[in-house]
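Trainee: Hey, I've got a protein open on my screen and don't know where to begin. Could you walk me through it?

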Amino acid sequence: MNKIYYHILFWVFIFLYVFDYIASFYNFKESVLYSSLEVIFFGIEFYINLFVLLPFVLNKKGKIAYIASLVVLLSLSFSIYYSTGLNVILYDDDLLKSFTSFLLNHSLYIFISYIVWVFNKYFTEKQLRLQLENEKLQTEMMLLKSQISPHFLFNALNNIYALTVIKSDNAPKMLATLADILRYFLYEGSKKQTSLTSEIEIINKYIQIQKYRQIEGMDNIIFNVSDDNSVKQVPPLLLITLIENAFKHGDIIESKNGFVTIDLKTIQNKIEFTIANSFQFKSNNQGIGLQNLESQLKNLFGNEYELKVEDSNLIYKVSLSFYGNKDSI
């Protein structure tokens, strides 16, 4: 609708421009008639070039065929002008002068239609490229998330198996909590945004799973939340990767002195997330988790995030900050 509106405005302007010139030589009715005929011919040539010659002749048959088509189009138009006397009425009594004026005037609108076609083609191709890039991005994001989910599931099922072997009462509780987490992966993981409240809840459930295992340092798991209510939505499953790595690569499972400390703050629509864990030795294989997280961050935020890793004094600390969505779901 917007394009049609612009076309109408353009031709109204051209009509008034032609009418202003012709009104100097003819009365009002004649000026309206001759201006209308002139603009109609401009429009016919404009749209034949835009919708027929450029896409079907120039694109498919080449420049020579296109130039020949323009010659035929303008020749037919001028023959109509000549046979009806419009060339004399609108331009000049002299045939050569009238033909020259006709050629200059009508070629201008052929050229304008060519410019319109070039811009339309450019923006169409640009839109297609953006669409393809977006589809590629979505595919990459789904691939990264699909790598995280089985990894988490594998670890959790191993833990449940270990509890069932010793007939622990925590096994069914852990299984129920795992079901809640997997349900979250299934229904929220494919979304672009989920509520921050849901992310905090799933972190608490993950921590609860670790406590059901009755790990040695279970009393040293701390999760602090400071929420100024400025962030309503965040991309799902970003933070759980860091938490999973802390338990996997830390020593909290085997050591009573091991710890995992998690701090989540929201300040003026910004998420500031920090997680620190103790470890006794540094594993050379950090897994795919952190690499996937970095890939997701780049896809989601470009350079508008900060990820910092500190490794000193047998403490591994990761700080992540990014801006969330202030709007509710």
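**A walk through the model**

Mentor: Sure. Of the contacts in the protein with a separation of 6 or more, 71% are between residues 24 or more positions apart. Keep in mind that this is a predicted model.

Trainee: Okay, how many helices and strands does the protein have?

Mentor: Nine helices and seven strands.

Trainee: And how much of the protein counts as buried?

Mentor: The protein has 329 residues, and 38% of them count as buried. As for the outside, the protein exposes about 19500 Å², with carbon and sulfur atoms supplying 60% of that.

Trainee: Which helix is mostly covered?

Mentor: Take a look at α8, residues 239-249, where ten of the eleven residues are buried. Among them are Leu239, Ile240, Leu242, Ile243 and Phe247. Glu244, Asn245 and His249 are on the buried list too.

Trainee: What's going on in the loop before α8?

Mentor: That loop runs between β3 (233-234) and α8, and Leu237 is found there. Leu237 has a phi near 70 degrees, which is a positive value in a residue other than glycine.

Trainee: Is Leu237 buried or exposed?

Mentor: Leu237 counts as buried, because its relative accessible area is 3% and the cut-off for buried is under 20%.

Trainee: Where else is there a positive phi in a residue other than glycine?

Mentor: Try Gln268, with phi near 50 degrees. Gln268 sits in the loop between β4 (260-267) and β5 (270-278). Gln268 has 68% relative accessibility, so it counts as exposed.

Trainee: New topic. Where does helix α2 bend?

Mentor: At Leu53. Helix α2 covers residues 28-61, and the bend there is about 55 degrees. A proline, Pro55, follows within four residues.

Trainee: What happens at the two ends of α2?

Mentor: At the start, a side-chain oxygen of Asn27 comes to within 3.3 Å of the backbone nitrogen of Lys29. Just after the helix, Gly62 has a positive phi of about 100 degrees.

Trainee: What does Ser113 touch?

Mentor: Leaving out residues up to four places away in sequence, Ser113 touches Phe46, Asn49, Leu50 and Leu54. Ser113 itself lies in helix α5.

Trainee: So is Ser113 buried or exposed?

Mentor: Buried, because its relative accessible area is 0%.

Trainee: Which residues make the nonpolar surface patch?

Mentor: Phe111, Tyr114, Ile115, Val118, Phe119, Tyr122 and Phe123 make it, and the patch is about 660 Å². Tyr122 is in helix α5, which spans residues 95-165. With a relative accessible area of 42%, Tyr122 is partly exposed.

Trainee: Why might residues a few places apart in a helix end up pointing the same way?

Mentor: An α-helix has 3.6 residues a turn, so residues three or four places apart point the same way.

Trainee: Cool. How many salt bridges does the structure hold?

Mentor: Four. One of them joins the side chains of Arg183 and Asp180, at 2.8 Å from N to O. Both residues lie in helix α6 (residues 170-188), three residues apart, which is about one turn of the helix.

Trainee: Why would side chains pair up like that?

Mentor: Side chains of opposite charge can pair when their charged atoms come close.

Trainee: How far apart are the closest N and O atoms of Asp180 and Lys205?

Mentor: They are 3.2 Å apart, and that pair is a salt bridge as well. This one links distant parts of the chain, with Asp180 in helix α6 and Lys205 in helix α7 (residues 196-212), 25 residues apart. Put together, Asp180, Arg183 and Lys205 are linked in a network of salt bridges.

Trainee: And how covered are those three?

Mentor: Arg183 is partly exposed at 45% relative accessible area. Asp180 counts as partly exposed at 27% relative accessibility, and Lys205 is partly exposed with a relative accessible area of 22%.

Trainee: Which salt bridge does Glu188 form?

Mentor: The side chain of Glu188 meets that of Lys191 in a salt bridge, at 3.2 Å from N to O. Glu188 has 17% relative accessibility, so it counts as buried, whereas Lys191 counts as partly exposed at 38%.

Trainee: Great, I'll go and find these on my screen!

Definitions and conventions. Residues are numbered from 1 along each chain as its sequence is written. This is a predicted model: local features need pLDDT of at least 70, side-chain atom pairs count only at pLDDT 80 or more; totals for chains, interfaces and linings use all residues. Side-chain values use heavy atoms; hydrogens and water are left out. Patches are made of residues with over 30% relative accessible area and no salt bridge: like charges are joined within 9 Å, nonpolar side chains (Val, Leu, Ile, Met, Phe, Trp, Tyr) within 5 Å. Accessible areas come from the Shrake-Rupley method with a 1.4 Å probe; for residues, only the protein chains shown count as cover. Buried means under 20% relative accessible area, exposed over 50%, partly exposed in between (1.4 Å probe, protein chains only). The bend at a residue is the angle between axes fitted to the seven residues ending there and the seven starting there. A polar contact is a pair of N or O atoms within 3.5 Å; within protein, one must be able to donate a hydrogen and the other to accept it, and residues adjacent in sequence count only if both atoms are side-chain atoms. Contact means heavy atoms within 4.5 Å.
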